[in-house]
Structure formats: structure tokens, C-alpha cells
Amino acid sequence: MTKRHLVSVAASALIVGSFATSAAAEDLTLCWAAWDPANALIELSKDFEAQSGHKMKFEFVPWTSFADRMLNELNSKGQLCDLMIGDSQWIGGGAENGHYVKLNDFFDANGITMDDFIPATVTGYAEWPKGTPNYYALPAFGDVVGWTYRKDWFENPEIQAAFKEKHGRDLGVPATLEELRDIAQFFQGREIDGKTVYGAAIYTERGSEGITMGATNALYNYGFLYENPEKPYDLAGFVNSPEAAKGLELYKEIYDTATPPGASNWYMSENIDAYKSGQVAMQMNFAFIWPGVEADANVGGGKSGYFPNPAGPAGQFAQLGGQGISVVAYSTKQDAALDYIKWFAQPEVQSKWWALGGYSALKAVVEDPGFAASQPYAQTFLDSMAIVKDFWAEPAYADLLLAMQNRLHNYVVAGDGTAQEALDGLVEDWTEVFEDEGKL
């Protein structure tokens, strides 16, 4: 039996007895991405159906088309979704465009406080403007970019000896991005168990958000900032600092020297496939994949380990993923949707969410004394969530993201120009966006 926090029969009964619906039974549709955590949410939501009388329907869309599909739904004021687990970057547009119901009064009336959630998830998933107590979502799924590695390869005596001979240090979890690069290059083209393997699977996908979600893990740690901390939307010298350019150069070096052939448009699923099939020693990916790694016949069962994104000269940071759950303003079933929010916020439900494979952002779950030992990756999740940064959550996020995708992919994958030129061009692109928004 798993060591995760399981809800006892008695606790489940308590939830049933204490949960009171405020609305007549309705059919609710929850919209999210199509991935493993969504399947866990279907299972979890069976308890809500039994307790409330509401019936849950689900609209799950693949990540590659999730943003286009759901943002079109919101912008057209469609009524398909009563609840939406929207990406963290959508919170600004959801609030300013009136797509999401503001939840402050509801939280106050039902004893729900954002002080009970991991602070980074409140900032990332729930509040707009950032740094203000205005909430348009409840933190639903904590996620962050981290690393998976072939622990069995790292612990192989012959491989360890070869690495020490080459680098003069022991092979182990990298403390810095430079060490990660060295390890990835060491494994590149090496033969293990009669098979040629490669160093690392990293994000390079161009069409949606992939290369941005990857390269930022190097950029942040070399000094990249989205704007002047003292002056909003002041970009020059922060987005394109010489130090940030060095971080982008490192990311390209890893791509050029330590990734599998043909890895020019990879994101979550391609990295998972490469890792599970034994092609790579390490993979960059969001934490949501870790339960699947542990359960995999090829790489699970102690063969894999996990570590947070390593540090750089400017510190240690990791790209935030994850989402909050919001009530869609165009829903005609808002009372029933709010019932779901109230139910989902309960500690017992959040504990079961973790047990089923969801990543709870509730402090009562992640700060439980047994949490860190509950899964092999639980401590890495905690360590990673403590160092997160996120992409812009501005209403114009899509235009900002498109510009960064193009600039990064053109440099890292296509080899156009220099890192400094790529970031200089990004400043020009973003400045134009903010001028069009009337913010400059």
C-alpha cells in the first residue's frame, strides 16, 4: 500500500456528513487539460457527486491545443465550462476580462483562506493583480519543472569510475547547471546495456509554450528578470542582461551537445517517452510526471531519482507550472460550481487528491510530517515549489509568449544569431506589446 496520506473511511464519512450543498442538483462541466492528473480528478470527483447530488462532466483538451481551445471559449463567453482549471498565466486575463468570478466574498463566507495554501501557488494561480488580495481561483494543482534521472546508471560502478576519471569528482545529483551540462555531455553517445544513450531530454517545442517553459530554468538562474523590480514594464537591461544571455547560451549548449537526435520540437510527452524508453540519462519535465515514472516497469521501482532545477550564478529558481480552479463567469450554474470549490478546498479532500496522484497546494497536506517520505519525489516537490518563478500573467500573455517562443527557438534550435541578439529582440517585441496595451 502506498505511504501517501489516505483518507480513512471515518474521515470520508465525516466529509459526507458535513458537506452541505447550497444549490439544487446540477450537471457541472469542468474543463482542463487532458493528462494523467485529469484522470485522478475524475476519480476524486466521484466523492463530490455522492455528497452533493451534482453530476460532473469533464472536457479535457490536449496540452498542445488547450490554450487555443479554452481561451476561445472564454473570449466568446461560451457556457461549456462551469469550472475551469486554467493555466497560471491566464489569471490576469481571466480577471481583467471578466471571465472568472471573483472569489473573495465566497472565501470569506465559507472560511477559506489563502493563508492555508503554499504562498507561491496563491501568487501564481489565484491572485490578480499580483501581490494583492484579490482572488479569482483556488490553487488546484501545484506543479514545477524539475529533473528525473536514471539513478541506476548514476550508481553503476563502471560509469561512476569513468565519470570521476573524466571530471575528477563523483557522479551524483548536480548542484549547478554547469554540473548538469557536464553530466549530460558525459552520457551523450555512451553505450549502456548494449544501447547508445544520450544525455538529457529538454524542452524545445515551438508551437505552444515548450521552449519557454524550458529555457527559463536556465535564464532565471543566470539573472534574467522580466522587468525592473522598481519600475513595472521597464525591460531593457533585465530581460536582456549579459548574464541572462549567458544562461541562454548554456541552454543552447545542452541542446547542441547532449540531447537525442531529432529533439528539436520536444515537450512533455516526448521527454517522457525518451526517458521511459531508456534513451536519456536525465529529463527535464513538470512534476506531474513523477507518479507515472515510479509506476513504469522500465524506469520505476527505484531505478529513477528526482532533483530540483540546479542553481546558477544568480541563484536557484525553477519554472512554475500548475493551475488554479475558477468559476466561469458565463456559467448559469455558478452556485453549484461554488459548491465544488468549497468541497475541493477541504483538507480531507486535498489529502486524497495527493493520494490519487494530484499535487495539492494545501499547507496541511504538504507540511504534514509524513509528507516528505510519502513518495520518492515528495521532498523534491517541496524543494522545487520553494524556488519557483512564473511567466507573465498579463492579459496579453499569449502575445508575450508567442514572441518568446519564436526568439528562443530561432536561437536555440535553428542557430540564428546570438543569445544576446535573441534577448534584445525579445525586449523589442515585448515593448511593442505593452505599448499596444497602453502600459508604456
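## Close-ups of a two-domain predicted model

**Figure 1. Helix α14 is mostly tucked away.** Helix α14 covers residues 334-344, and 8 of its 11 residues are buried. The buried set is Ala336, Ala337, Leu338, Asp339, Tyr340, Ile341, Trp343 and Phe344. Keep in mind while you look around that this is a predicted model. A handy bit of background: an α-helix has 3.6 residues a turn, so residues three or four places apart point the same way.

**Figure 2. Helix α9 is mostly covered too, and a glycine follows it.** In helix α9 (residues 177-187), 8 of the 11 residues are buried. Which ones are they? Look for Leu177, Leu180, Arg181, Asp182, Ile183, Ala184, Phe186 and Phe187. Follow the chain just past α9 and you'll meet Gly189, with a positive phi of about 75°.

**Figure 3. Trp128 and Pro129 are joined by a cis peptide bond.** The omega angle of this bond is about -10°. To find the spot, go to the loop between α6 (119-126) and β4 (138-150), where Pro129 sits. For context, most peptide bonds are trans.

**Figure 4. Asp193 and Tyr233 both have a positive phi without being glycines.** As a rule, most residues other than glycine have a negative phi. For Asp193 the angle is about 55°, and for Tyr233 it is near 70°. Asp193 belongs to the loop between β5 (191-192) and β6 (195-196), while Tyr233 is in the loop between α10 (210-219) and α11 (242-258). Is Asp193 buried or exposed? Its relative accessible area is 76%, so Asp193 is exposed, because the cut-off for that label is over 50%. Tyr233 has 17% relative accessibility, so Tyr233 counts as buried, the cut-off here being under 20%.

**Figure 5. Lys151 is a partly exposed residue in a short stretch of numbered positions, 151-154.** Those positions make up helix α7. With a relative accessible area of 30%, Lys151 is partly exposed, because that value falls between the buried and exposed cut-offs of 20% and 50%. Which residues does Lys151 touch, once neighbours within four places in sequence are set aside? The contacts are Gly302, Lys303, Ser304 and Gly305. Now jump over to Asp335: Lys151 and Asp335 are 184 residues apart in sequence, and their C-alpha atoms are 49 Å apart in space.

**Figure 6. Two domains meet across a set of contacts.** The domain assignment gives domain 1 as 24-143 + 322-389 and domain 2 as 145-319 + 396-436. Taken over C-alpha atoms, the domain centres are separated by 27 Å. Where the domains meet, 22 residues of domain 1 are in contact with 22 residues of domain 2.

**Figure 7. Zooming out gives the whole protein, with 19 helices and 11 strands.** Along its principal axes, the C-alpha trace spans about 70 × 55 × 35 Å. The radius of gyration is 22 Å, which agrees with the value near 22 Å for a compact globule of 440 residues. Of those 440 residues, 55% count as buried. Among contacts with a separation of 6 or more, 75% come from residues 24 or more positions apart. The exposed area is about 17,000 Å², and carbon and sulfur atoms supply 49% of it. As for charge, there are 30 positive and 59 negative charges, and their mean positions are 5 Å apart.

Note on methods:
Residues numbered from 1 in each chain as written. Predicted model: local features only at pLDDT ≥ 70, side-chain atom pairs only at ≥ 80, totals over all residues. Heavy atoms only, no water. Helix = DSSP H or I, 4+ residues; strand = E, 2+ residues; numbered from the N terminus. Rg over C-alpha atoms; globule rule 2.2 N^0.38 Å. Buried < 20%, exposed > 50% of the residue type's maximum accessible area, 1.4 Å probe, protein only. Contact = heavy atoms within 4.5 Å. Areas by Shrake-Rupley, 256 points an atom, 1.4 Å probe, with all protein chains shown as cover. Lys, Arg positive; Asp, Glu negative; His and termini not counted. Charge placed at Lys NZ, Arg CZ, Asp CG, Glu CD. Domains from an automatic or database assignment.
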